[in-house]
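Hi everyone, thanks for making time today. Let me put a new structure on the screen, and then we can walk through it together.

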Amino acid sequence: MMPSTSDIPQWREVMMLILLSVLFASLQWNTLQGLISNGPTAVNTLVDVSLLVLLGITVIGAIYETLQMRAS
């Protein structure tokens, strides 16, 4: 079933959040690998913490928007 035209702005928001998530993940790739292998000691600068927070916000936002679209 094709989405209606009223769903296009919502899909645009979801796609933007997903692209931002990919951008933040690519910026933090080494930190994410270190976080998996070494644990929290891999996060040692304020920049790492802030980008990880932004990554979490965009991932949660994309999931929330997708769930909202599916509910309606």
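Let's start with one residue, Leu23, which is partly exposed, with a relative accessible area of 42%. You will find Leu23 in helix α1. Now look across to Leu55: these two residues are 32 apart in sequence, yet their C-alpha atoms are 8.6 Å apart in space. Please keep in mind that what you see is a predicted model.

Let me step back to the whole chain for a moment. The protein chain has three helices and zero strands, so there is a simple pattern to follow along the sequence: α-α-α. There are 72 residues, and 24% of them count as buried. The chain exposes about 5,500 Å², with carbon and sulfur atoms supplying 71% of that area. And here is something about how the chain folds back on itself. If you take contacts between residues at least 6 apart in sequence, 56% of them join residues at least 24 apart.

Back to Leu55, then. Which residues does Leu55 touch, once we set aside those up to four places away in sequence? They are Ser21, Phe24, Ala25 and Leu32. Several of these names come back when we turn to the largest nonpolar core, which consists of five residues: Phe24, Ala25, Leu32, Leu51 and Leu55. Helix α1, residues 8-27, and helix α3 each supply at least two residues of this core.

Next, let's see how two of the helices are arranged. Helix α2 covers residues 29-38 and helix α3 covers residues 46-71; their axes come within 11 Å and cross at roughly 90°. That angle is why we call α2 and α3 roughly perpendicular to each other. Where do α2 and α3 meet? On the α2 side you have Thr31, Leu32 and Leu35, and on the α3 side Asp48, Leu52 and Leu55. Sorted by type, the residues of this contact come out as four nonpolar, one polar and one charged.

Let me pick out Thr31 from that group. Thr31 sits in helix α2. Is Thr31 buried or exposed? Its relative accessibility is 11%, and the cut-off for buried is under 20%, so Thr31 counts as buried. Leaving out residues up to four places away in sequence, Thr31 touches Ala42, Val43, Asp48 and Leu52.

There is another threonine I'd like you to find, and that is Thr58, in helix α3. With a relative accessibility of 6%, Thr58 also counts as buried. What is Thr58 in contact with, apart from its neighbours within four places in sequence? The answer is Leu17, Leu20, Ser21 and Phe24.

One last pair before we finish. Ile18 belongs to helix α1, and it lies 7.2 Å from Thr58, C-alpha to C-alpha, although the two are 40 residues apart in sequence. While Thr58 counts as buried, Ile18 is partly exposed, at a relative accessible area of 37%.

So that is our tour. If you take one picture away, let it be the three helices, with α2 and α3 roughly perpendicular to each other, and a nonpolar core of five residues to which α1 and α3 each give at least two. Thanks for listening, and I'm happy to go back to any part of it.

Terms used
Residues are numbered from 1 along each chain as its sequence is written. This is a predicted model: local features need pLDDT of at least 70, side-chain atom pairs count only at pLDDT 80 or more; totals for chains, interfaces and linings use all residues. Side-chain values use heavy atoms; hydrogens and water are left out. Axes are lines fitted to C-alpha atoms, for helices over the stretch in contact, and angles run from 0 to 180 degrees between N-to-C directions. Helices (H or I, at least four residues) and strands (E, at least two) are DSSP runs, numbered from the N terminus. Angles under 35 degrees count as roughly parallel, over 145 as roughly antiparallel, 65 to 115 as roughly perpendicular and the rest as oblique. Contact means heavy atoms within 4.5 Å. Ala, Val, Leu, Ile, Met, Phe, Trp, Tyr, Cys and Pro count as nonpolar, Asp, Glu, Lys and Arg as charged, and the others, Gly among them, as polar. A nonpolar core is a set of buried Ala, Val, Leu, Ile, Met, Phe, Trp, Tyr and Cys residues joined through side-chain atoms within 4.5 Å. Buried means under 20% relative accessible area, exposed over 50%, partly exposed in between (1.4 Å probe, protein chains only). Accessible areas come from the Shrake-Rupley method with a 1.4 Å probe; for residues, only the protein chains shown count as cover.
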